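Work through these short exercises with the sequence and the model side by side. Try each task before reading its solution.

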Amino acid sequence: MPHEVRGVVARAKGAPVTVETIEVPDPGPGEALVRVVACGVCHTDLHYRQGGIDDAFPFLLGHEAAGFVETVGDGVANVAPGDFVILNWRAVCGQCRSCRRGRPQHCFATHNASQPMLLDGAPLSAALGIGAFAERTLVAGGQCTPVPQVRPEAAGLLGCGVMAGLGAALHTGGVGPGDSVAVFGCGGVGDAAIAGARLAGATTIIGVDLDARKLEWARAAGATHVVDASSSDPVEEIRALTGGNGADVCIEAVGHPKVFEQAFYARDLAGTLVQVGVPAPEMRLELPMIDFFGRGGALKPSWYGDCLPSRDFPLLVDLYRQGRLDLDLFVSETIPLEGVEEAFARMQRGEVLRSVVVIDGAAAGS
Ligand SMILES: NC(=O)c1ccc[n+]([C@@H]2O[C@H](COP(=O)([O-])OP(=O)(O)OC[C@H]3O[C@@H](n4cnc5c(N)ncnc54)[C@H](O)[C@@H]3O)[C@@H](O)[C@H]2O)c1
Ligand SMILES: [Zn+2]
Ligand SMILES: [Zn+2]
């Protein structure tokens, strides 16, 4: 029997989101029904509601979530009812050409639920195949990663932005002991990249932002230096902080061509630029090709921090439990489902790292 639950829907491009009653089917083969406990508000949700991802309105937003598996369909073996899980948007298929070559972190055919959730009888597009600003959501079994039970508001953030940032440093950027790292944009994603650089043993970690509050949080996440790009040239400042050379790894966590260019020139020779911020479709890059060639190194986009949820989520939850990864830093506030539109405004005003929607207060830890 389908479940009628409340969920946060973006009905039309640019229109404020609303809380609606939606219909969530029981899980079919390979699917899992999850009782969502907490779900972070990510910039990507705002990209959806602004029509920046695609036009498949109406969207059911929310995708950084933790909760409990309620029921599973036939053939789901990785989780069982009652498991505490973080939802992921990389349920690797094991069969595509990337998986077959031993690169599941680049899987080209990740799984989502096959049945749609419905609004007024019409299919909803679930953000990143998840749709977790809702009391229940339907996902593919592989989108559920079981982890030891910890504070859901914090753990859920590993499901997207915090994982994307950590992985941009740890996996895509390959940051190692003694490296210098500069992170452009110190929101939830950028500060997670800073935390990742610290975990990897980077000795110089520079946070760059336009907003003084963000620079304070960057220090709390592990930045050894910060640069206010509203009043100084970040390329000059980063060179000055790295013996005149530039950083080994520059991580762009804004999604803007100007910032990309700064990160490009703030690298040391043979340095790596990681692009984790999501650009808008109309954005263009223009660079002297000789500078790309002449400086060497690597330019690497990072989707989801090149993570493998089954490998990375339990490991990162362990580091959180040991006090070595401060996920609580990212939970700036907890809000109800009705608070998502206002949380977008607070995100745009730079007031939060993450607003986290708490759906099941009794199971949440805040
Ligand atoms: N690649 C992925 O897998 C992935 C996953 C999640 C999010 N993202 C993307 O990462 C980006 C960051 O997400 P977030 O949730 O941290 O957003 P956010 O809005 O919290 O943070 C962005 C930060 O960039 C700063 N900023 C803006 N312009 C700047 C400039 N010119 N120079 C320096 N800093 C500047 C802002 O002050 C803000 O602190 C978004 O584009 C988001 O869509 C990517
Ligand atoms: Zn695959
Ligand atoms: Zn996200």
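The loop between β9 (125–126) and β10 (136–140) holds L128. This is a predicted model, in which local features need pLDDT of at least 70, side-chain atom pairs count only at pLDDT 80 or more, and totals for chains, interfaces and linings use all residues. Residues are numbered from 1 along each chain as its sequence is written, while chains are lettered from A and ligands numbered from 1 in the order in which they are written.

**Exercise 1. Backbone in two loops**

Find the sign of phi at L128, then find the loop that holds P58.

Step 1. Phi of L128 is near 50°, a positive value in a residue other than glycine.
Step 2. P58 sits in the loop between α1 and β4. Helices (H or I, at least four residues) and strands (E, at least two) are DSSP runs, numbered from the N terminus.
Step 3. The F57 to P58 peptide bond is cis, with omega near -5°.

**Exercise 2. Partners of β1**

Identify the strands that pair with β1. Two strands pair if DSSP finds at least two bridges between them.

Step 1. Seven bridges link β1 (residues 3–10) to β2 (residues 18–24), in the antiparallel sense. Within this pair, V8 has V19 as its bridge partner.
Step 2. β1 also runs antiparallel to β4 (residues 59–60), joined by two bridges. Here A10 faces F59.

**Exercise 3. The six-stranded sheet**

Trace the strand order and locate the edges.

Step 1. The sheet is open, its pairing is parallel, and its order is β14-β13-β12-β15-β16-β17.
Step 2. β14 (225–228) and β17 (298–301) are the edges; each has a single partner strand, so one side of each lacks a neighbour in the sheet.
Step 3. On average, neighbouring strands are turned by 20° against each other, direction ignored.
Step 4. Take one pair: β12 (residues 180–184) and β15 (residues 247–252) share four bridges. V183 is bridged to I251.

**Exercise 4. Around ligand 1**

Which residues are closest to ligand 1, and which elements give two or more residues to its shell?

Step 1. The shell has 33 residues, and A164, G185, G187, V189 and G255 are the closest. A residue counts as near if its C-beta atom, placed from the backbone, lies within 6 Å.
Step 2. The elements giving two or more are α1 (43–49), α4 (161–172), α5 (188–199) and β13 (204–209).
Step 3. Domain 1 (3–161 + 306–358) and domain 2 (174–301) both contribute, so ligand 1 lies between them. The domain bounds come from an automatic or database domain assignment.

Definitions and conventions. Axes fitted to C-alpha atoms, helices over the stretch in contact; angles between N-to-C directions.
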